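Student: Could you take me through one part of this structure up close? I would like to see how its helices pack, and then what sits around the ligand.

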Amino acid sequence: ADAPARSNEIVTLQAHILQQQSRYPEASGQFSWILSALAISAKMIASHVRRARLDDVLGTVGNQNVQGEQQQKLDVIANDILLRTLGGREGVAIVASEENEEPVILRTDDADERKYCVLFDPLDGSSNLDVCGAVGTIFSILRKDRRSPAAQASLLQPGVEQVAAGYVLYGSSTVFVLTIGLGVDMFVLDPAYGAFIRVAQGLRIPKANKCYSVNEGNRLSFPEGYQKYLSWAQERGYSSRYAGAMVADVHRILLQGGVFMYPPTRKAPKGKLRLMYEANPMAMIVEQAGGKALSAPGERILEVRPTDIHQRVPVIIGSSEEVDHVASHL
Ligand code: AHM
Ligand code: MG
């Protein structure tokens, strides 16, 4: 019988990772193992997220530990899962989490081997869990910089140096979006089989869509240019959509187009979002899909030189034309 047409193929995330690896004959496989740790973490976090509120209720009686401790918060659980799955992977030298003040150094015996640093926001937008809203995990992978033995210095690379980035959206389904610098691919978790199935390859963000995503409650404390942009967009019949979880908001824009922003505010003069855990990975994905990601007019997020792993940066991300419209008002 004829082999099935390529478009009919069922490709799991695991198979996809192996296919990609085979394009690099010199690859040691360590990078693929890291991606597989992220995939299993995503499934474990998803299963906890699906039980949000239930575990709180059922746990107070049945699941208390011997010390009588309360159920852990889900962001702590998600952080633990990622640290423990990545901790077992030879290729990971350093992990840095939005939840931990200091990066965790796993391996220092790095002679001349190629090792990686993995940075993540384990459960972004976790306050949405209280209202059954979408949350996400965001990750960024860098090569360990062999010239800088200090962990912090090794991590402080601009986003253009990322070798991979992605996010997991725990929404009405669980979606895994990944780029290794060869475009953007998307997978959906089939809960019956426990496998991520590829649903799209080489995603392209629409060039334009009259939609902005920003916390408009902060409008009066935005720099004037953003306020002018919002008036401009409203005069042109733009829609406003804001989930309050960056992963959900950027995912909508990746698929449907528009612009997501977190501008400077009086309370947060550099915006709220973190360069290393949120802005850089999302910027890489959106650029790989043909969109734009700026911190200010003419300034790519991916070129910002980091000075601190927890630093914040203003974010304007999305369809190229929509990002240009915002920038032209600033
Ligand atoms: P978190 O990492 O503490 O969850 O905060 C990040 C989240 C983003 O997902 C979202 O875009 C933003 O905070 C929403 O902030 P605000 O409530 O100020 O609009
Ligand atoms: Mg976050």
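Tutor: Here is a walk through three helix pairs, followed by the ligand and the record's annotations. Keep in mind that this is a predicted model.

Start with a general idea. Two packed helices are described by the angle between their axes and by the distance between those axes. We will use both.

Take helix 2 as the centre of the tour. Helix 2 covers residues 30–49, and helix 1 covers residues 13–21. These two pack at an angle of about 165°, and their axes are 10 Å apart. Angles over 145 degrees count as roughly antiparallel. Helix 1 and helix 2 are therefore roughly antiparallel to each other. Their crossing is right-handed. Which residues make the contact? Helix 1 supplies Leu-13, Gln-14, Ile-17, Leu-18 and Gln-21. Helix 2 supplies Ser-32, Leu-35, Ser-36 and Ala-39. Sorted by class, this contact has 5 nonpolar and 4 polar residues, with no charged ones.

Now look at another partner of helix 2. Helix 4 is made of residues 74–87. The axes of helix 2 and helix 4 come within 9 Å and cross at roughly 155°. This pair is therefore roughly antiparallel too: helix 2 against helix 4. Helix 2 passes helix 4 in a right-handed crossing. On the helix 2 side, the contact uses Ile-34, Ala-37, Ile-40, Ser-41, Met-44, Ile-45, His-48 and Val-49. On the helix 4 side, they meet Leu-74, Ile-77, Ala-78, Ile-81, Leu-82, Thr-85 and Leu-86. By class, the contact of helix 2 with helix 4 has 12 nonpolar residues, 3 polar residues and no charged residues.

Next, a pair further along the chain. Helix 7 (residues 246–256) packs with helix 8 (residues 275–288) at an angle of about 15°. Their axes are 11 Å apart. Angles under 35 degrees count as roughly parallel. So helix 7 and helix 8 are roughly parallel to each other. The crossing of helix 7 past helix 8 is right-handed. Met-246, Val-250 and Leu-254 of helix 7 make the contact with Glu-278, Met-282, Ile-285 and Val-286 of helix 8. These divide into 6 nonpolar, no polar and 1 charged residue.

Met-246 leads us to the ligand. What surrounds ligand 1? The residues around ligand 1 are Asp-121, Asp-124, Gly-125, Ser-126, Asn-215, Gly-244, Ala-245, Met-246 and Lys-272. By class, that shell has 2 nonpolar, 4 polar and 3 charged residues.

Asp-121 also appears in the record. An unreviewed UniProt entry places a "binding site" feature at Glu-98, Asp-121 and Leu-123. These three span 26 residues in sequence, yet no two of their C-alpha atoms are more than 9.3 Å apart, so they gather at one spot. Glu-98 itself lies in the loop between strand 1 (92–97) and strand 2 (104–105).

One last annotation. The unreviewed UniProt entry places "domain: Fructose-1-6-bisphosphatase class 1 C-terminal" at residues 205–328. Over that stretch the chain is 37% helix and 16% strand. The end C-alpha atoms of residues 205–328 are 20 Å apart.

Notes
Residues numbered from 1 in each chain as written. Chains lettered and ligands numbered in written order. Predicted model: local features only at pLDDT ≥ 70, side-chain atom pairs only at ≥ 80, totals over all residues. Axes fitted to C-alpha atoms, helices over the stretch in contact; angles between N-to-C directions. Helix = DSSP H or I, 4+ residues; strand = E, 2+ residues; numbered from the N terminus. Parallel < 35°, antiparallel > 145°, perpendicular 65-115°, else oblique. Left-handed = near helix turned anticlockwise from the far one by under 90°. Contact = placed C-beta atoms within 7 Å. Nonpolar A, V, L, I, M, F, W, Y, C, P; charged D, E, K, R; others polar. Near = placed C-beta within 6 Å. UniProt positions renumbered as here; feature names shortened; annotations may be inferred.
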